[in-house]
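Student: I would like a close look at a single part of this model, with enough of the whole to place it. Could you walk me through it?

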Amino acid sequence: MQQITITTPDDWHLHFRDGEMLHETVPATARCFARAIVMPNLVPPVINAKLANEYKSRILAARPKGSHFQPLMTLYLTNQTTTQDIIDAKQAGVVAAKLYPAGATTNSAQAVIGIEALYPVFEEMQKQGLLLLIHGEVTENHVDIFDREKVFIDQYMIKIVQAFPDLKVVFEHITTSDAADFVLASSHHVAATITPQHLLLNRNDLLVGGVKPHNYCLPVLKRSTHQQALRNVVASGSNKFFLGTDSAPHAKHAKENACGCAGCYSAWSALELYTQVFDELNALDKLEGFASFYGADFYGLPRNTTSVTLAKQSWTVPESINLADGEAIVPFFAGQQVAWKIV
Ligand code: DOR
Ligand code: ZN
């Protein structure tokens, strides 16, 4: 196939950041996605409806002229989150709340210690129909970083979905066959997002021939057998897995650092890279479900009614994106060829 037209997709997991950065990140996503689930791990985090609404206004103000892009807002759960916060969030149009185990990733220091303590909050979310989005990694020092997702499933995920059978849970940016199997075995209230980097790369792409800081994200890339399991599951066309880029910009100097930040800024190439993966898998007929249908269906939102066309036409991702304030960001796949291009 040389060209494919699909219903306009949505990005069910990304990081826009805030302030000046919005003028870079919002247009990059609005170029091809109609909606996006906006992660709340700002500094300070988005912990209530008021902060979510204010953040939403700043995102809307950064849209390109004429764009109809819609941000979907989320709450950052902490040990101080109350059931009233959930009720207020629902009323304000917030669609989900994000569970970061404290210390799991970027700006998660104020997040949750002792997940069971949040069960009353999960109960209210279940009642209000707010989705629970989970960064599924344990943070204990003694647990090997490559095992943290699997241990989280065993210690927490199984219990959460058992305790709240009617709570919609998204296992975010899954990286292992264990997570894919868990989601497949769970009820229709459990789904997962998958990033382009976890479909395209494995840990060799992070560590062989020198450390590649721009391929460093969390959860960290895993061995190729896990990558293959994720590829199999998207090629299968299962409606439990949908597009979430986890596009997460950090300044070049913060990535190329003795203590480099986690995150791949993929917004400028993500849809094209997903298309490339589905093409490699001979599964282009499954792309539209993954990118444009299953996420909306799971969230209980209408599918988009416009479309986007991609052509099999090679282009090179820029080496660097220069921001107005003089900072630079190295985008995901910088300097590399992508096989598909938006027409
Ligand atoms: O790689 C990541 N970057 N993983 C996350 O969970 C957070 C994100 C960020 O905010 O930079
Ligand atoms: Zn994320």
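Student: To begin with, what percentage of the residues in the protein chain is buried? After that, please take me closely through helix H4 (residues 119–128).

Tutor: Happy to. Keep in mind that this is a predicted model. Of the 343 residues in the protein chain, 59% are buried. The radius of gyration is 19 Å, which agrees with the value near 20 Å that a compact globule with 343 residues would have. Along the principal axes, the C-alpha trace spans about 50 × 45 × 45 Å. The chain has 12 helices and 13 strands. Among contacts with a separation of 6 or more, 72% come from residues 24 or more positions apart.

Now to H4 itself. Its buried residues are Val 121, Phe 122, Glu 124, Met 125 and Gln 126. These buried residues pack against two helices, H3 and H5 (148–163), and against two strands, E5 (96–99) and E6 (131–134).

The pairing with H3 deserves a closer look. In general, two packed helices are described by the angle between their axes and the distance between the axes. Here the axes of H3 (residues 83–91) and H4 come within 8 Å and cross at roughly 25 degrees. Angles under 35 degrees count as roughly parallel, so H3 is roughly parallel to H4. The crossing of H3 past H4 is right-handed. On the H3 side, the contact is made by Thr 83, Ile 86, Ile 87 and Lys 90, and H4 contributes Pro 120, Val 121, Glu 124, Met 125 and Gln 128. Sorted by class, this contact has 5 nonpolar, 2 polar and 2 charged residues. Val 121, Glu 124 and Met 125 appear among the buried residues of H4 and also in the contact with H3. After H4 comes Gly 129, whose phi is positive, near 75 degrees.

For a reference point elsewhere in the chain, try Thr 195, in the loop between strand E8 (190–194) and helix H7 (196–200). The C-alpha atoms of Thr 195 and Glu 123 are separated by 29 Å, and the two residues are 72 residues apart along the chain. With a relative accessible area of 0%, Thr 195 is buried. Leaving aside residues up to four places away in sequence, Thr 195 touches His 173, Gly 244, Thr 245, Asp 246 and Tyr 274.

Definitions and conventions:
Residues numbered from 1 in each chain as written. Chains lettered and ligands numbered in written order. Predicted model: local features only at pLDDT ≥ 70, side-chain atom pairs only at ≥ 80, totals over all residues. Heavy atoms only, no water. Axes fitted to C-alpha atoms, helices over the stretch in contact; angles between N-to-C directions. Helix = DSSP H or I, 4+ residues; strand = E, 2+ residues; numbered from the N terminus. Parallel < 35°, antiparallel > 145°, perpendicular 65-115°, else oblique. Left-handed = near helix turned anticlockwise from the far one by under 90°. Contact = heavy atoms within 4.5 Å. Nonpolar A, V, L, I, M, F, W, Y, C, P; charged D, E, K, R; others polar. Rg over C-alpha atoms; globule rule 2.2 N^0.38 Å. Buried < 20%, exposed > 50% of the residue type's maximum accessible area, 1.4 Å probe, protein only.
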